[in-house]
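Today I open my notebook on charged side chains, and I want to look up which of them pair up and where they sit.

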Amino acid sequence: MKQLVLLFSLCAMMAVQANAQRRGASASSNYQTAVGIRVNPWLVGGTIKHFIAGPHAIEGLITTNVSNRSNVTFTGLYEYHIAPFPKPEFRLYFGGGVHLGIYDRYDYDRERWDRDGKGTYVTPGMDGIVGLEYKFKKIPLVVSGDIKPFFNFTGETNFIGEEIGGASVRYTF
């Protein structure tokens with residue numbers, strides 16, 4: 001747990017330092033809000049991203065497991081966007097946030113399922129995110145791919161699992 005807090009603190013310090021160094025440069029995106037879908041082989045869900053000021057964005061995710069749609073996760077993320085590439089359409093982003101998962105015990109908490117039987121449980125957790133996005137110039141579309149490790153406070157506490165990565169397609173406005 002201490003390592004996770006240290007990682008999020010380090011990311012926050014890097015964001016503040018990068019913002020202080022780039023004050024004169026424009027690191028903001030070329031869209032304000034985007035709505036779309038997020039997928040990987042095991043999950044599907046909705047995503048909305050909104051830039052609050054310059055390179056600072058918030059993203060909300062609602063995802064469910066493809067094989068067991070009774071599982072649902074609500075995630076809120078803060079993301080800091082930078083443009084380290086020569087093409088401004090590409091943006092690197094990183095950040096963190098929290099989630100609240102509602103899971104079937106059989107899939108995510110096998111010990112309780114063996115002991116208590118069927119049912120669901122709710123667990124909060126923390127998330128990190130690192131990704132790359134591309135904003136098309138001529139159409140209002142942005143695509144992104146990211147890695148989103150997470151930590152559940154109860155039940156399974158995987159940092160790496162089927163939910164770790166994803167690809168998103170969003171309509172921008």
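Is Arg170 buried or exposed? I looked this up first, keeping in mind that the model is predicted, and I noted that Arg170 has a relative accessible area of 0% and is buried.

Next I looked for its partner, and I found that Arg170 forms a salt bridge with Glu59, with 2.8 Å between the closest N and O atoms. This pair links distant parts of the chain, since Glu59 belongs to strand 3 (residues 56–65) and Arg170 to strand 9 (residues 165–172), 111 residues apart. Glu59 has a relative accessible area of 3%, and because buried means under 20%, I wrote Glu59 down as buried.

I then turned to Lys49, which forms a salt bridge with Glu133, where the closest N and O atoms are 3.1 Å apart. Lys49 lies in strand 2 (residues 43–53) and Glu133 in strand 6 (residues 120–135), so this pair ties together parts that are 84 residues apart in sequence. I noted Lys49 as buried at 0% relative accessibility, and Glu133 as buried with a relative accessible area of 2%.

My third entry concerns Asp127 and Lys148, a salt bridge whose closest N and O atoms are 2.9 Å apart. Here Asp127 is in strand 6, while Lys148 sits in the loop between strand 7 (141–147) and strand 8 (150–152), 21 residues apart. Asp127 counts as buried at 1% relative accessibility, and Lys148 is buried as well, with a relative accessible area of 6%.

Finally, I recorded that salt bridges with shared partners join Lys49, Glu59, Glu79, Glu133 and Arg170 into one network, and that the count comes to 7 salt bridges.

Note on methods: Residues numbered from 1 in each chain as written. Predicted model: local features only at pLDDT ≥ 70, side-chain atom pairs only at ≥ 80, totals over all residues. Heavy atoms only, no water. Salt bridge = Lys/Arg side-chain N within 4 Å of Asp/Glu carboxyl O. Helix = DSSP H or I, 4+ residues; strand = E, 2+ residues; numbered from the N terminus. Buried < 20%, exposed > 50% of the residue type's maximum accessible area, 1.4 Å probe, protein only.
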